[in-house]
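Dear colleague,

Please find below the structure that I am handing over to you. A summary of what was found in it follows, arranged by topic.

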Amino acid sequence: MAGCTGPAASAPPSAGPRSTPSCPGTAFLAAGRRVLGGVVLGVFLLLAAGGVWVATGGQRSALRAAVDTSSLLWIVGGVALGALLWSAVVVTGYLAVLPRGTSRGRRVVGGGLVLLLAAAVLAPAALAGQVALTQRDLISDVFTDDGRSATVDQDDSDPFGDKERINVLLLGGDGGEGRDGVRTDTVIVASIDTDDGETTLFSLPRNLEDLPFPESSPLADLYPDGFDAGSESESLLNAVYRNGPAMHPDVLGPTDNPGADWLKLGVGEALGLDIDYYVLINLDGFSRLVDALGGITVDVNYWVPIGGEPTLGTLPDDYIAPGPNRFMDGATALAFARGRFGLTDYDRMDRQRCTIDAIIDAADPITLLRKYQQLARTTKDVVFTDIPRSALGDFVDLAFRVKDADIRSVVFDDSVISPAYPDYDRIRGTVFLALQGGAAGDDAPDGPTSAPTPSSPAPSPPSSPSAPPTAGDDDADVVLSDVRDACAYDREAAELALLAGEPPTRNG
């Protein structure tokens, strides 16, 4: 809201009121109404002190209120009442210091200035109230306390409890126009230490086969040897979300998203973790989210295809050229995250993590405030989750710890496992070592170690520095790396790719 605004306290009787800024209440003091002026000034100073506290030490409390639908209603009411009272103070303060006998012209000018001052209070208050109501609608639409889930106890009043780690399944759903159902081509588990916020991301390949299920689950009775939908292409990890519930729609009982529950159980068993919640981002609306942010900036180290169909040999329509700080609108960012022609699933997994990182960087407070309503509308169509509304306050506290902690990554690519014949005991051993803090830092490479081959029709990117070594019986350590390492610009690799020239496209 506006700062100290109102008529000056020292206008001489003959001059009429001056409109130089002053703090609320000073006009009453100048008019001799010391009690009223003192109360108004005291309330204003308390509100100012509260604003300073919210901007500094009270950020956590403010964010907890911002994810509580009841608190948001109180905020809207408080902002509206405060704005009306402040406007009343401006008007009555003007009248209190207005000298008798002031000419009509000066009254009109003074009244106009007072109306402008009142508008300067009411306009931002109206915007703040509108943002708060938009936030409330967003929270209500995305999060619920009365949803149905086969893997979350919605009645649990203490969702975090005494858990040492919270494990969240992050899914990228490749649904959209012209696509049959939703395939989850992105499967990442974020394992977060509830004490210090240290986070490890475990990325599984889309073509992982024989996904296991816990023995206690009815899914294990259906698939004792791992998930099988009758053909190899329909039995991959990215097809479980769609095909599992389609074949056995009621096996888990009432649930709002059976596909997510199937994956939570299967991925949790594969990694040896209990998956607490899931978050699904539908890539069909992903481009709208990027556009709402005003675009993102990403480092590109090799030619990234736009379109193309590897299985049919259909060439891409175009390529995203290598270079630092490439600005991308929504459509380009979606192509960057999806492109696979001539590359591998693991290359795409790296780029998807980099895209998420770029979105986080683009979501600065000014952008969020300026475009919040558009972002909120887009988010409701893009994000789906089973995180209960009652857990949001705990997630706010956890987010403050994650912000100051390390975020590391373990990628289960084909240097670690064979997706067609996965050794799940080995996968669980790798996860265990990673969460125990197995030698992550000194042995991790600083950046990409290989350049694209100039003669390749679609140059491959540098090998991922975030993949851990094989976790066999003789291995005691797991190498992890900071997520940003895989997204850094590699000048040598990019220049070699440019020197090789753009690969062939559909248009020649």
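**Thr69 and its surroundings**

Thr69 is buried, with a relative accessible area of 12%. Its place is in helix H4, which covers residues 69–97. Leaving aside neighbours within four places in sequence, Thr69 is in contact with Arg136, Ile139, Ser140 and Arg389. Please note that the model is a predicted one.

**The chain as a whole**

The secondary structure of the protein chain comes to 16 helices and 11 strands. Of the 508 residues in the protein chain, 47% are buried. Among the contacts in the chain with a separation of 6 or more, 72% are between residues 24 or more positions apart.

**The nonpolar cores**

The largest nonpolar core has 35 residues. Leu169, Leu211, Leu263, Val267, Leu271 and Phe412 are the residues with the most contacts inside this core. At least two residues of the core come from each of the following elements: strand S1 (165–173), strand S2 (184–193), strand S3 (199–204), helix H6 (218–222), helix H7 (237–247), helix H8, strand S4 (277–282) and helix H15. Of these, H8 gives the most to the core, with six residues.

Leu263 may serve as an example from this core. Not counting its neighbours within four places in sequence, Leu263 is in contact with Leu169, Leu171, Thr184, Leu211, Leu237, Val240, Tyr241 and Gly268. Apart from this core lies another, of 25 residues, which includes Tyr277, Val383, Leu392 and Val396.

**Helix H7**

H7 is mostly covered, as nine of its 11 residues are buried. The buried residues in H7 are Leu237, Asn238, Ala239, Val240, Tyr241, Arg242, Asn243, Gly244 and Pro245. The buried residues of H7 pack against S2, S3, H8 and S4.

One residue of H7 may be described separately, namely Arg242. Is Arg242 buried or exposed? With a relative accessible area of 18%, Arg242 falls under the 20% cut-off, and therefore counts as buried. The side chain of Arg242 makes a polar contact with the side chain of Asn243, at 3.2 Å.

**Two helix crossings**

How do H8 and H15 lie with respect to each other? The axes of helix H8 (residues 258–271) and helix H15 (residues 424–435) come within 7 Å and cross at roughly 80°. The two helices are therefore roughly perpendicular to each other, since angles of 65 to 115 degrees are placed in that class. On the H8 side, Glu269, Ala270 and Leu271 take part in the contact, and these meet Tyr424, Ile427, Arg428 and Val431 in H15. By class, the residues of this contact divide into five nonpolar, no polar and two charged. Leu271, one of the H8 residues in this contact, is also among the residues with the most contacts inside the largest nonpolar core.

The other crossing is that of helix H2 (residues 34–55) with helix H3 (residues 59–66). The axes of H2 and H3 come within 6 Å and cross at roughly 90°, which makes H2 roughly perpendicular to H3. In this contact, Trp53, Val54 and Ala55 in H2 meet Gln59, Ser61 and Ala62 in H3. The contact of H2 with H3 has four nonpolar, two polar and no charged residues.

**Pro422 and Thr332**

Pro422 is found in the loop between strand S10 (407–411) and H15. With a relative accessible area of 14%, Pro422 is buried. Which residues does Pro422 touch, not counting those up to four places away in sequence? They are Leu208, Glu209, Asp210 and Ile427. Although Pro422 and Leu208 are 214 residues apart along the chain, their C-alpha atoms are separated by 7.3 Å. Ile427, which Pro422 touches, also belongs to the H15 side of the contact with H8.

Thr332 has its place in helix H10 (residues 330–338). At 25% relative accessibility, Thr332 counts as partly exposed. The C-alpha atoms of Thr332 and Ser287 are separated by 8.1 Å, and these two residues are 45 residues apart along the chain.

With kind regards

Note on methods:
Residues numbered from 1 in each chain as written. Predicted model: local features only at pLDDT ≥ 70, side-chain atom pairs only at ≥ 80, totals over all residues. Heavy atoms only, no water. Axes fitted to C-alpha atoms, helices over the stretch in contact; angles between N-to-C directions. Helix = DSSP H or I, 4+ residues; strand = E, 2+ residues; numbered from the N terminus. Parallel < 35°, antiparallel > 145°, perpendicular 65-115°, else oblique. Contact = heavy atoms within 4.5 Å. Nonpolar A, V, L, I, M, F, W, Y, C, P; charged D, E, K, R; others polar. Core = buried A, V, L, I, M, F, W, Y, C linked by side-chain atoms within 4.5 Å. Buried < 20%, exposed > 50% of the residue type's maximum accessible area, 1.4 Å probe, protein only. Polar contact = N/O pair within 3.5 Å; in protein donor to acceptor, adjacent residues only side chain to side chain.
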